[in-house]
Amino acid sequence: MMMSDPIHFTGLRGVLKRDEPLAKHTTWRCGGKADVAYIPADRDDLAMFVRSLPAGESLTVIGLGSNLLVRDGGVRGAVVLMHNPGGVLAVSDGLVYAEAGVASPKVARFAAAHGCSEAEFLAGVPGTVGGALAMNAGCYGGETWEYVARVEVLLRGGDFAVRMPGEYSIGYRTVHRAGGAALDGVFTAAWFRFPQGDSTAARTRIRELLARRVATQPLNLPNAGSVFRNPPGDHAARLIESCRLKGYAIGNARVSEKHANFIVNPDGRARAADIEALIGHVRRVVVEKTGVALEAEVRIIGETEK
Ligand SMILES: Cc1cc2nc3c(=O)[nH]c(=O)nc-3n(C[C@H](O)[C@H](O)[C@H](O)COP(=O)(O)OP(=O)(O)OC[C@H]3O[C@@H](n4cnc5c(N)ncnc54)[C@H](O)[C@@H]3O)c2cc1C
């Protein structure tokens, strides 16, 4: 069944866009179009959209696209754009409840305002809660799943399930189902358990962490954070820098001069193919010169341009 059949999309309350440029929805600001992109009105509307998809139709989830390279040929099937500036954020039974479309920095500030500690690290992760769950995002000693009490998932059939952390296998920037299967469904919400703390101290720490980022990361240029995972006991940035790759460019994509594990798209004109070629080049040079095979942390999706 093709996505062009309009009969599947009646009664929805969200915004449906055809041929939507995904460059608008990724922090690298490049990549092709989605056949169909859907911005759900809320979680029930998302469930209705998912139910309306033909069986077997591919479904791609994008949060703030801050860890994503979308290839220039775009994404076939349906894409759900989860970021929701109006998403629900609340405290209930001592837990912080956040819908998946809420931006992670907002959770950090909300938790600080409600006297929680240790959520500060989320202030520097410029994605959504759903993306932080899918990636087990972390920095400065904190990782998302350390604080997850439970999550809500929308399954492909359109039903919601509440799951406990024990139902997942969690690692450094990886999350699988317990037993090792790939993630299923769409994260729609999470309940976080943060320790009680002091609002002023948490706000101060957020400011310090953000200042550290501004000093060390090329935040003024389109990028997707760390391109490679840190190998055990080392830093990808150190290895890349030791190979003198800072500033190396392919097309309009360049290894950042400021942080070697970032690839930037300085004038917004890089093609995804430039970035992917540069990722491949960096990996080849680093393995040749240091023997370390770097693994990408960024997710690469979609089709190459024909
Ligand atoms: C300047 C900068 C700094 C960064 N610093 C850090 C850092 O310190 N630590 C860190 O860990 N990361 C960092 N990142 C990477 C990125 O912000 C995180 O991985 C973030 O959690 C991704 O969230 P997102 O909503 O943007 O996800 P996306 O990039 O949109 O998607 C990433 C993956 O998550 C999946 N996904 C997204 N939402 C859902 C959902 N609701 N349900 C199921 N799957 C979903 C997508 O399908 C995709 O596979 C940084 C990025 C930038 C640009």
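Reader: Which element supplies the largest share of the shell around the ligand?

Author: In this predicted model, helix 3 contributes the largest share of that shell, namely 5 residues. Helix 3 covers residues 129–135, and strand 3 (59–62), strand 8 (138–139) and strand 14 (186–192) likewise supply at least two shell residues each.

Reader: What makes a residue count as near the ligand, and which residues come nearest?

Author: One of its heavy atoms must lie within 4 Å of the ligand. There are 34 residues around the ligand, and Ser66, Thr128, Gly138, Arg213 and Arg299 come nearest. By class, the shell divides into 17 nonpolar, 14 polar and 3 charged residues.

Reader: Why is the approach of glycine 131 to the ligand called a polar contact?

Author: A backbone N or O atom of glycine 131 lies 3.4 Å from a ligand nitrogen. The limit for a pair of N or O atoms is 3.5 Å, so the pair qualifies. Glycine 138 also meets the criterion, because a backbone N or O atom of this residue is 2.6 Å from a nitrogen atom of the ligand. For arginine 173, the atom concerned is a polar side-chain atom, 3.2 Å from a ligand oxygen. The protein covers 92% of the 970 Å² of accessible area that the ligand has on its own.

Reader: How do you know that strand 6 and strand 7 pair, and in which sense?

Author: Pairing requires at least two bridges; strand 6 (residues 89–92) and strand 7 (residues 95–99) have 4, so they pair, in the antiparallel sense. Serine 92 stands opposite leucine 95 of strand 7. The hairpin has 2 residues between these strands, and aspartate 93 adopts a positive phi near 50° there.

Reader: What makes strand 15 and strand 17 edge strands?

Author: Their open sheet has 3 strands in the order 15-16-17, paired antiparallel. Strand 15 (249–250) and strand 17 (263–264) each pair on one side only. Strand 16 (residues 253–255) is joined to strand 17 by 2 bridges, which meets the minimum of two, so this counts as a pair. Valine 255 has isoleucine 263 in strand 17 as its bridge partner.

Reader: Why is an enclosed space in this structure called a cavity, and how many are there of 30 Å³ or more?

Author: The name applies because a 1.4 Å probe fits there but cannot get out. The structure holds 1 cavity of 30 Å³ or more, and the largest cavity has a volume of about 160 Å³. Its lining comprises 15 residues, with Asp42, Arg43, Met82, Asn84 and Glu99 closest to the centre. By class, this lining has 7 nonpolar, 5 polar and 3 charged residues.

Methods. Residues are numbered from 1 along each chain as its sequence is written. This is a predicted model: local features need pLDDT of at least 70, side-chain atom pairs count only at pLDDT 80 or more; totals for chains, interfaces and linings use all residues. Side-chain values use heavy atoms; hydrogens and water are left out. A polar contact is a pair of N or O atoms within 3.5 Å; within protein, one must be able to donate a hydrogen and the other to accept it, and residues adjacent in sequence count only if both atoms are side-chain atoms. Accessible areas come from the Shrake-Rupley method with a 1.4 Å probe; for residues, only the protein chains shown count as cover. Ala, Val, Leu, Ile, Met, Phe, Trp, Tyr, Cys and Pro count as nonpolar, Asp, Glu, Lys and Arg as charged, and the others, Gly among them, as polar. On a 1 Å grid over the protein atoms alone, a cavity is a set of points where a 1.4 Å probe fits but cannot get out, and a pocket is an open set with protein on both sides within 12 Å along at least five of seven lines; lining residues have an atom within 4 Å of a point. Grid points are joined across faces, edges and corners, and a volume is the space filled by probe spheres set on the points.
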